[in-house]
Amino acid sequence: MSRIGKIERTTRESAIRVEVDLDGSGQVEVSTGVPFYDHMLHSFGVHGSLDLRIEAQGDVHIDAHHTVEDTAIVLGQALREALGDKLGIRRFGDCWIPMDETLAHAAIDVSGRPYCVHTGEPEQFNAFTIGGNYPFVLTRHVFDSLSFHAQLALHVRVVHGRDPHHIAEAQYKAVARALRAATEPDPRAGGIPSTKGVL
């Protein structure tokens with residue numbers, strides 16, 4: 001059974017197309033017009049072992065915000081579609097990612113109940129723009145949007161870090177690895193991994 005999600009979304013601010021295969025091998029093609037976000041999404045696909053294709057066109061001449069948010073929305077919707085009935089998945093996953101001086105942790109429950117807790121980013125970087133194109137504060141917004149539209153309970157925390165690039169990247173990698181663990185097939189479970197019988 002293929003676990004592929006394909007979603008397109010067009011607004012006055014952006015046009016986004018996402019295709020994701022949960023059982024891929026990390027083959028990634030990303031173009032959003034926001035270079036640092038492309039770098040983060042590429043890491044997300046590779047470390048999540050997702051085959052991921054993202055094409056986004058947005059009003060980046062105004063700000064990166066709309067394109068980054070809308071891409072996260074569509075990626076979340078595509079993940080939700082790819083998950084289907086969630087039969088036989090592990091459901092829970094977590095990951096610690098050390099990246100030089102930075103340490104980040106992510107935990108996921110593919111619960112069908114969207115909730116995001118995001119803590120620990122150093123406040124002194126709130127006005128910082130990474131690479132001149134990606135506002136540091138957007139990382140939290142990405143995970144809020146992703147968890148809501150993929151219907152995940154997602155907890156992300158930065159334990160420590162001093163380089164904004166490392167702080168952002170460690171989070172994307174941690175979420176990707178946690179998602180990979182939570183959505184992979186569990187050979188010991190054949191049904192829905194819930195006492196309620198539905199996720």
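**Close-up views of a predicted model**

**View 1. Asn126 sits in the loop that links β7 (115–119) to β8 (129–130).** This is a predicted model, so local features are read here only at pLDDT of at least 70. With a relative accessible area of 39%, Asn126 counts as partly exposed. Leaving aside residues up to four places away in sequence, Asn126 touches Phe136 and Val137. His165 is 39 residues from Asn126 along the chain, and their C-alpha atoms are separated by 13 Å.

**View 2. Four strands make an open sheet in the order β1-β2-β4-β3.** The pairing is mixed. At the edges stand β1 (4–10) and β3 (28–31), and each has a single partner strand, so one side of each is left without a neighbour in the sheet. From one strand to the next, the twist averages 5 degrees. Look inside the sheet and you'll find β2 (residues 14–21) running antiparallel to β4 (residues 51–58), joined over eight bridges. Val18 faces its opposite number, Ile54, in β4.

**View 3. Helix α1 (residues 35–47) has the length its residue count calls for.** At 1.5 Å a residue, its 13 residues should span 18 Å, and the end C-alpha atoms are indeed 18 Å apart. Buried residues in α1 include Phe36, Tyr37, Met40, Leu41 and Phe44. Asp38 and Ser43 are buried too. Just after the helix, Ser49 takes a positive phi of about 50 degrees.

**View 4. Two helices lie across strands of the sheet.** α1 crosses β3 and β4, running at about 160 degrees to β3. Helix α2 (residues 65–83) lies across β1, β2 and β4, at about 145 degrees to β1.

Key. Residues are numbered from 1 along each chain as its sequence is written. This is a predicted model: local features need pLDDT of at least 70, side-chain atom pairs count only at pLDDT 80 or more; totals for chains, interfaces and linings use all residues. Side-chain values use heavy atoms; hydrogens and water are left out. The expected span of a helix is 1.5 Å times one less than its number of residues. Buried means under 20% relative accessible area, exposed over 50%, partly exposed in between (1.4 Å probe, protein chains only). Contact means heavy atoms within 4.5 Å. Two strands pair if DSSP finds at least two bridges between them. Axes are lines fitted to C-alpha atoms, for helices over the stretch in contact, and angles run from 0 to 180 degrees between N-to-C directions.
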